[in-house]
Amino acid sequence: MAINNENSILTKEKEKLAKPSMYAVIMLNDDYTPMEFVIYVLQSVFKKNYEDAKRIMLTIHNEGKGICGVFPLDIAETKANQVVEFARINQHPLECKVQKQ
Ligand code: TYC
């Protein structure tokens, strides 16, 4: 605890906080989701430009999976859920998983 000079009140000294763990959103390949749909998802949900989105999509297509981005857990889960929900609305089997870094 310390005296806050401006307000003459007691304030807690800055605590040392661990950085939040980070989680990768991994997108999985499948045989049915159109390439342009995956590119659109990478642009809209993960804010990639077209060239980066195309490169990530091709990595997933060729290697089976790829990282879309790395976020704190709640954001990673929200984005993974948005991807799957949007894919289902459009009747695509696209899958995502969240993996601790
Ligand atoms: N393999 C799909 C196709 O040939 C494209 C695709 C890429 C699907 C990435 C899913 O996460 C994925 N149409």
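This is a short tour of a predicted model, with a selection to make at each stop.

**Stop 1: the whole chain**

Start with a cartoon view and colour by secondary structure. You should find three helices and five strands. Follow the chain from its beginning and the elements come in the order β-β-β-α-α-β-α-β. Now switch to a surface view. How much of the chain is made up of buried residues? The answer is 30% of its 101 residues.

**Stop 2: the nonpolar core**

Go back to the cartoon and select Val25, Met27, Leu42, Phe46, Val83 and Leu94 as sticks. The largest nonpolar core has 22 residues, and these six touch the most other members. Which elements each supply at least two residues of this core? They are strand 3, helix 1, helix 2, strand 4 (residues 65-72) and helix 3 (residues 73-89). Helix 1 is the top contributor, giving five residues.

Keep Met27 and Leu94 in mind, as both turn up again around the ligand.

**Stop 3: the ligand and its shell**

Select the ligand, then show its neighbours: Met27, Leu28, Asn29, Asp30, Thr33, Met35, Val38, Met57, Ile60, His61 and Leu94. Try colouring this shell by residue type. You'll get seven nonpolar residues, three polar ones and one charged one.

Next, look for nitrogen atoms on the ligand and draw some distances:

- From the side chain of Asn29, an N or O atom sits 2.8 Å from a ligand nitrogen.
- At Thr33, use the backbone: an N or O atom there is 2.9 Å from a ligand nitrogen.
- In the side chain of His61, an N or O atom is also 2.9 Å from a nitrogen of the ligand.

How much of the ligand's accessible area does the protein cover? On its own the ligand has 350 Å² of accessible area, and the protein covers 89% of that. To see where the shell comes from, colour strand 3 (residues 22-28), helix 1 (residues 35-44) and helix 2, the elements that give two or more residues each. Helix 2 has the largest share, with three residues.

**Stop 4: Thr33**

Stay by the ligand and zoom in on Thr33. This residue sits in the loop between strand 3 and helix 1. Is Thr33 buried or exposed? It counts as buried, because its relative accessible area is 11%, and the cut-off for buried is under 20%. While its backbone faces a ligand nitrogen at 2.9 Å, its side chain reaches the backbone nitrogen of Leu94 at 3.4 Å. Leu94 belongs to the ligand shell as well.

**Stop 5: two salt bridges**

Side chains of opposite charge can pair when their charged atoms come close. Searching the whole structure turns up two salt bridges.

For one of them, select Asp52 and Arg55, whose side chains meet with an N to O distance of 3.3 Å. Both belong to helix 2 (residues 50-63) and are three residues apart, which is about one turn of the helix. Asp52 is partly exposed, at 29% relative accessible area.

For the other, select Arg88 and Glu95, where the N to O distance is 2.9 Å. Arg88 is partly exposed at 35% relative accessibility, and Glu95 is partly exposed too, at 36%.

**Stop 6: two loop residues with positive phi**

Pick Lys47, in the loop between helix 1 and helix 2. Its phi is near 55°, a positive value in a residue that isn't glycine. Lys47 is exposed, with 65% relative accessible area. Look at the side chain: one of its polar atoms lies 2.7 Å from the backbone oxygen of Ser44. Then select Gly69 too and draw a C-alpha to C-alpha distance to Lys47. The two are 22 residues apart in sequence and 9.6 Å apart in space.

Finish at Gln91, in the loop between helix 3 and strand 5 (residues 95-100). What is the phi of Gln91? It is positive, about 60°, although Gln91 is not a glycine. Gln91 counts as exposed, because its relative accessible area is 73% and the cut-off for exposed is over 50%.

Key: Residues numbered from 1 in each chain as written. Predicted model: local features only at pLDDT ≥ 70, side-chain atom pairs only at ≥ 80, totals over all residues. Heavy atoms only, no water. Salt bridge = Lys/Arg side-chain N within 4 Å of Asp/Glu carboxyl O. Helix = DSSP H or I, 4+ residues; strand = E, 2+ residues; numbered from the N terminus. Buried < 20%, exposed > 50% of the residue type's maximum accessible area, 1.4 Å probe, protein only. Near = heavy atom within 4 Å. Polar contact = N/O pair within 3.5 Å; in protein donor to acceptor, adjacent residues only side chain to side chain. Areas by Shrake-Rupley, 256 points an atom, 1.4 Å probe, with all protein chains shown as cover. Nonpolar A, V, L, I, M, F, W, Y, C, P; charged D, E, K, R; others polar. Core = buried A, V, L, I, M, F, W, Y, C linked by side-chain atoms within 4.5 Å.
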